Amino acid sequence: MVKKVHPKLEEPVEAENWTEGIEQPLALMEQIDEDFAAIAELANHSVISARQFSREQLIQLCRLSAKFETQQSFGQFPLTGKILISAFYEPSTRTRLSFESVWHRLGGDIISITDPSTTGIAKGESLKDVAEMMNHYGDVVVLRDSNERAIYEMLEALRIPIINAGNGTDEHPTQALADMYAIFKWRPELMSNEVSDDKKITIGIIGNPGRMRTVRSLLLFLSRISQAIKEVVIICNTTESFSQDQREELEAEGLNIRVSRELEPELPDIDVVYINAIAWVGNTYEEHGIEYKLSKSSPLKKGAIILHPLARGEELSTDLDDTEHNWYFAQARGAVFARMALMSSLVRF
Ligand code: CP
């Protein structure tokens with residue numbers, strides 16, 4: 001008798017269905033007219049902060065993301081012959097793999113550094129000198145570094161675009177772009193200039209805006225669609241949850257913000273629940289609000305969606321994975337199309 005190795009090996013692997021959920025990106029595309037003039041301005045620019053993007057650019061990038069998601073042959077191989085320098089000095093599953101996947105899907109080639117101690121940095125070489133070399137070896141740099149100033153130091157010497165893939169506790173703008181793409185697929189009407197009161201949404205963010213780069217960048221993007229948001233409720237257990245001037249900047253853009261220390265009483269009124277409990281700092285991580293947990297038994301509003309930048313911990317129970325609230329996997333999957341849209345807009349030669 002042949003011994004069985006594993007039950008999963010008995011069945012062929014199902015090929016991934018790239019058109020899964022296709023109606024959602026199509027609805028997004030129908031909501032707004034195509035006008036790529038706004039994103040044409042991004043060509044050959046670096047991306048450090050979500051603050052750099054106008055509402056029009058954000059919306060058109062999400063529209064272009066939907067185009068990549070729904071039309072597999074769209075814009076095939078525009079990056080043929082172009083080289084991405086992938087520099088990830090901090091752990092990453094999604095950001096690194098999705099950026100590299102995007103570059104391959106768009107036809108380009110990749111060279112990478114995963115440990116700065118294998119470069120001249122170990123011999124005291126300055127980041128400016130490293131950046132000067134990168135000008136000659138690649139066409140775009142994607143950098144994740146726990147030193148939030150590193151990207152600014154490199155920017156001084158770079159003559160090719162650099163993309164911030166997470167700089168310490170500061171920002172993670174392309175994650176926030178993927179978050180916005182998920183939100184617009186869920187409710188395309190939020191992109192409209194005028195959103196009626198009954199269509200406005202309440203967003204609950206379980207996390208620390210002053211310490212979490214994903215939250216900081218997401219809030220900046222949300223401030224671009226403040227006309228569509230009833231309220232942003234920050235659920236946080238610390239007294240100082242914002243960094244200096246952060247809340248003032250967001251409120252000046254029209255975002256209505258409230259801070260709460262309670263999760264369960266807020267949940268029945270929240271349309272988008274964004275949860276994250278980890279901030280990477282230096283060579284380790286901080287946990288924030290680990291007492292706030294979501295599970296199938298949480299009093300979630302009917303139709304509410306949950307977003308999480310991942311990696312998850314105990315704050316997000318796996319028993320939510322097969323519920324209507326799970327949009328976090330779609331959010332991670334959509335990051336490929338969002339980064340395709342961004343990369344193909346930045347790299348024009
Ligand atoms: N969302 C995110 O940044 O995940 P990684 O740390 O796995 O890249």
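**The ligand site and its two domains**

User: How far from a nitrogen atom of the ligand does a backbone N or O atom of Leu310 lie?
Analyst: The model is predicted, with local features needing pLDDT of at least 70 and side-chain atom pairs pLDDT 80 or more, while totals for chains, interfaces and linings use all residues. Residues are numbered from 1 along each chain as its sequence is written, and side-chain values use heavy atoms, without hydrogens or water. A polar contact is a pair of N or O atoms within 3.5 Å. For Leu310, the backbone atom and the ligand nitrogen are separated by 3.3 Å.

User: How much of the ligand's accessible area does the protein cover?
Analyst: Accessible areas come from the Shrake-Rupley method with a 1.4 Å probe. On its own the ligand has 260 Å² of such area, and the share covered by the protein is 89%.

User: Which residue has a side-chain N or O atom 2.6 Å from an oxygen atom of the ligand?
Analyst: A nitrogen atom of the ligand is 2.8 Å from a polar backbone atom of Pro309. The ligand oxygen, in contrast, is paired at 2.6 Å with the side chain of Thr95.

User: Why does the ligand lie between two domains, and which are they?
Analyst: Domain bounds come from an automatic or database domain assignment. In contact (heavy atoms within 4.5 Å) are 38 residues of domain 1 and 33 residues of domain 2. Their centres, taken over C-alpha atoms, are 24 Å apart. The ligand lies between them because its shell receives residues from both domain 1 (27–67 + 78–171 + 335–346) and domain 2 (173–332).

Note on methods
Polar contact = N/O pair within 3.5 Å; in protein donor to acceptor, adjacent residues only side chain to side chain.
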